[in-house]
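Visitor: Hello! I would like a close look at a single part of this model, please, and I am new to reading structures.

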Amino acid sequence: MTELKPFMDALGIRVICGEADAFDGVYAGDLLSRAMSHVEAGNLWITIMNNVNVIAVASLADAAAVLLAEGVTLTPDALAAAEEKGICVLSAEQPVYDLCAGIAGLM
Amino acid sequence: MHEPVTFHFDVDGENFSSAGEASVIIKKKLRQLGFSPDIIRRVSIAMYEGEINMVIHANGGAADVTVMDEYIEIVLSDKGPGIPDVELAMREGFSTARENIRALGFGAGMGLPNMKKYTDYMKIDTEVGVGTKITMRVNTTG
């Protein structure tokens with residue numbers, strides 16, 4: 001597992017809801033079926049999708065956290081679902097590629 | 001031989017807010033029953049994809065999960081439009097989902113292929129204009 005905090009500090013990632021201390025690998029992508037079958041337990045999942053179904057997929061796939069790129073925030077029903085299911089959701093201003101490159105550079 | 005454990009869910013049509021709820025509940029139940037993370041993951045993915053398909057294409061339906069000694073069986077039945085060409089529908093990337101549904105992140109054409117990939121047995125009974133019944137099994141013994 002990789003400690004999350006140094007990445008949050010370096011890339012300006014902020015918490016929308018929930019808590020996550022660490023992650024194990026990263027998956028980036030927006031199509032839910034793809035994410036469903038490729039997000040591994042403990043992954044940080046980077047996406048620009050912010051609807052309630054993202055929370056269901058993150059929960060089913062056991063993602064450590066969802067990182068919303070491009071300054072995206074959760075819809076109100078998605079926020080409620082994330083809080084209810086205890087899913088950690090983060091947000092950052094950078095596009096997906098820049099977040100991936102930034103995280104890879106810090107690994 | 002244990003008594004089979006059964007779960008029944010009614011899946012709402014066109015309700016994308018609650019789509020996936022049954023799968024999340026099943027995942028919790030299987031965890032309580034002590035199944036391995038791999039088996040739980042495979043059942044959850046297959047069931048989620050099936051649940052979403054019923055929401056998108058069939059105006060909802062029913063999901064029944066039975067936990068038996070040797071496998072977990074998921075039966076999804078709907079009274080939707082049926083699948084005219086099952087072989088085509090099984091192809092990765094083929095989708096008939098509408099644009100508004102794709103905008104939500106669905107419609108990648110991976111639903112049925114994922115269901116097949118993550119289960120040990122899958123059978124599709126479908127009739128155009130009548131509905132579809134999908135039976136899937138995930139083996140729980142080596």
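What pattern does chain B follow, read along the sequence?

Guide: Happy to help! This is a predicted model, where local features need pLDDT of at least 70, side-chain atom pairs count only at pLDDT 80 or more, and totals for chains, interfaces and linings use all residues. Residues are numbered from 1 along each chain as its sequence is written, while chains are lettered from A and ligands numbered from 1 in the order in which they are written.

Read along the sequence, the pattern of chain B is β-α-α-β-β-α-α-α-β-β. Here helices (H or I, at least four residues) and strands (E, at least two) are DSSP runs, numbered from the N terminus.

Now for the sheet. The five strands of chain B make an open, antiparallel sheet in the order β1-β2-β3-β5-β4; two strands pair if DSSP finds at least two bridges between them. At the edges are β1 (5-12) and β4 (121-127) of chain B, each pairing on one side only. From one strand to the next, the twist averages 10 degrees; axes are lines fitted to C-alpha atoms, for helices over the stretch in contact, and angles run from 0 to 180 degrees between N-to-C directions.

Look at one edge: β4(B) is joined by seven bridges to the antiparallel β5 (residues 131-139) of chain B. There, B:Thr126 stands opposite B:Thr132 in β5(B).

Helix α1 (residues 21-32) of chain B packs on the sheet, touching β1 and β2 (60-67) of chain B; contact means that C-beta atoms, placed from the backbone, lie within 7 Å. Helix α2 (residues 37-57) of chain B lies across β1, β2, β3 (71-78) and β5 of chain B, at about 5 degrees to β3(B).

Terms used. Two residues are in contact if their C-beta atoms, placed from the backbone, lie within 7 Å.
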